[in-house]
Amino acid sequence: MSHFYFSNTLVEKLSTARHVVALTGAGISAESGIATFRGADGIWKKLKPEELASMETFMCNPDLVWEWYEYRRKIIHNVTPNSGHYTLAKMEKYYPYFSISTQNVDGLHFRAGNKNVFELHGNILRNRCVVCGRKVNDVEFKKGEKIPRCECGGMIRPDVVWFGEMLTPEVLYASFEEAATADVYFSIGTSAVVYPAAMLPAEAKKNGAYVVEINLEPTPLSTQVDESFLGKVGEILPQLWQLVEMKNNQDCE
Ligand code: OAD
């Protein structure tokens, strides 16, 4: 376990902030055992999700796309949130206003206890019909069929955002609102290269937030933020939060 140094400025800001927001990416779930897309152990070194995660591939080869999603769902079912997720859940309880905008589709923030979560790229555990749009939680594979079908006969797909698709406008709008009004904004475990999510930390900074990045390696955002920590979020965030809690306890004595 590495130990990190945190500035008094950051601890003070976190101790007095009223509105704190975190943008999270695949890196926060890495310590739970879910492979990231990019980075040293990124899944994109082995597979090409930009090809699998598209409507075009789904229409041509739906059983292959379903196989890939079923594989990822199995992994997600068998993992648990880690100390990074749990620290964000503690933070949500502490602040009057706290939210997470996540690019992850694994639902681990909800499982850790966070409630105010905007899922920018959808949720892999939900499905919807490509024809009527009906949302379906549990799907049934009929005998002899490799993909599930809706009552209307349409093909059912995972309820996630694929390449070339729009994000849900309300979710995107809410995430920008949160960024524009945050006192402290975290960018955690994201390579910060996929838009529009990658614009959120800049939106926060433009509107006066103190912006903090936590990531295993430098990203295009690293030189633009107020503080950048290189390392594992599951180590850095709990250590930082412990300092904030200690400061708050001292201030109360
Ligand atoms: P990436 O896989 O692009 O980036 C994950 C980042 O997390 C990398 O920069 C890693 O260095 C870092 N990382 C890995 N382990 C970490 C740890 N323990 N602590 C801190 N950082 C760690 O994932 P995203 O930025 O989330 O979209 O990718 C964005 C989007 O790209 C995904 O939501 C997905 C993909 O296209 C869709 O599927 C629509």
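User: How much area does the chain expose, and which atoms supply 53% of it?

Analyst: Accessible areas come from the Shrake-Rupley method with a 1.4 Å probe, and for residues only the protein chains shown count as cover. Here the chain exposes about 12900 Å², and carbon and sulfur atoms supply 53% of that area. Do keep in mind that this is a predicted model, where local features need pLDDT of at least 70, side-chain atom pairs count only at pLDDT 80 or more, and totals for chains, interfaces and linings use all residues. Residues are numbered from 1 along each chain as its sequence is written, and side-chain values use heavy atoms, with hydrogens and water left out.

User: What share of the residues counts as buried?

Analyst: A residue is buried under 20% relative accessible area, exposed over 50%, and partly exposed in between (1.4 Å probe, protein chains only). Of the 253 residues in this chain, 52% are buried.

User: Good! How do I read a pair of aromatic rings?

Analyst: Such a pair is described by the distance of the centres and the angle of the planes. Rings of Phe, Tyr and Trp (its six-membered ring) pair if their centres lie within 6.5 Å; planes under 30 degrees apart are stacked, over 60 edge-to-face, and the rest tilted. This structure holds eight aromatic pairs. In one of them, the centres of Phe58 and Trp162 are 5.4 Å apart and the planes stand at 45°, so this pair is tilted.

User: Where in the chain do Phe58 and Trp162 sit?

Analyst: Helices (H or I, at least four residues) and strands (E, at least two) are DSSP runs, numbered from the N terminus. Phe58 belongs to helix α4 (residues 55-60), while Trp162 lies in the loop between β6 (156-160) and α8 (169-181). The pair links distant parts of the chain, 104 residues apart. Both Phe58 and Trp162 are buried. Ring pairs also link Phe58, Trp68, Tyr69 and Trp162 into a cluster.

User: And how are the rings of Tyr95 and Phe98 arranged?

Analyst: Tyr95 and Phe98 are stacked, with 6.4 Å from centre to centre and 10° between the planes. Tyr95 is buried at 4% relative accessibility, and Phe98 is buried at 3%.

User: Let's try one more residue. Which residues is Val244 in contact with, leaving aside its neighbours within four places in sequence?

Analyst: Contact means heavy atoms within 4.5 Å. With those neighbours within four places set aside, Val244 is in contact with Val11, Leu14 and Ser15. Val244 has its place in helix α10 (residues 233-252) and is buried, with a relative accessible area of 0%. The C-alpha atoms of Val244 and Asn8 are separated by 9.9 Å, although these residues are 236 residues apart along the chain.
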